[in-house]
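Visitor: I am new to reading protein structures. Could you take me through one part of this one slowly?

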Amino acid sequence: MKLDKFDLAILSELQKDARKSLQDISQAVGLSTSPCWTRIKRMEEAGVIEGYAVRVNPAAVGLGDTVIVHVTLDSHSDEALFEFGRALEQIPEVLEAFLVSGDYDYYVRIAVADTRDYERLLRERLYKIPGIRHSKSSFVLRQLKQSLLPLQR
């Protein structure tokens, strides 16, 4: 789907605040409400807009620590990669997982309450996934930046 400057402006407004009224979005991007609504629906149907969510403060819900886990697998077969991804999907604390190039196969971002909670997660869930050759964990000390997608080009 080809996006024009109005589509990008609408997406930018929705990224900032998805609860904004259609009238406020329309005014901000310079369109009337009807074409703005049509564009939003078209982007939803095309999968450009994947959904709407609330950003929750992790510490406020008892998940104050973030851990980045670097994982190397024994095998790089399609089946091994698929099974590892499927196993990660079953772990609610896993927020994101990236198949990467370089020294490790995956970078996995995990939310936990504290170091004891992470140790429990390792024993009960992560280390029970077959095929992990090596892992290295890094606790995030401070988040320096969290951004929205840079849509204005």
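Visitor: Over how many bridges do E1 and E4 pair, and in which sense?

Guide: Happy to help! A word on the model comes before the strands. This is a predicted model, in which local features need pLDDT of at least 70 and side-chain atom pairs count only at pLDDT 80 or more, while totals for chains, interfaces and linings use all residues. Residues are numbered from 1 along each chain as its sequence is written, and side-chain values use heavy atoms, with hydrogens and water left out.

Now to your strands. E1 and E4 pair in the antiparallel sense over 7 bridges. Here strands (E, at least two residues) and helices (H or I, at least four) are DSSP runs numbered from the N terminus, and two strands pair if DSSP finds at least two bridges between them. Look for Val-71, which stands opposite Ser-135 in E4.

Step back and you will find an open sheet of 4 strands in the order E2-E3-E1-E4, with antiparallel pairing. Strand E2 (94–99) and strand E4 (132–139) stand at the edges with a single partner strand each, so one side of each has no neighbour in the sheet. On average, neighbouring strands of this sheet are turned by 20 degrees against each other, direction ignored. For angles in general, axes are lines fitted to C-alpha atoms, for helices over the stretch in contact, and the angles run from 0 to 180 degrees between N-to-C directions.

Two helices pack on this sheet. Helix H4 (residues 78–89) touches E1, E2, E3 and E4, and its direction makes about 160 degrees with that of E1. Helix H5 (residues 115–124) touches E1, E3 and E4, and its direction makes about 130 degrees with that of E3. Contact here means heavy atoms within 4.5 Å.

Strands E1 (65–73) and E3 (106–112) also help to line the largest pocket: these two and H1 each supply at least two residues of its lining. A pocket is found on a 1 Å grid over the protein atoms alone, as an open set of points where a 1.4 Å probe fits, with protein on both sides within 12 Å along at least five of seven lines; lining residues have an atom within 4 Å of a point. The largest share of that lining, 4 residues, comes from H1. In total, 38 residues line the largest pocket, and Val-54, Arg-55, Gln-146, Ser-147 and Leu-148 lie nearest its centre.
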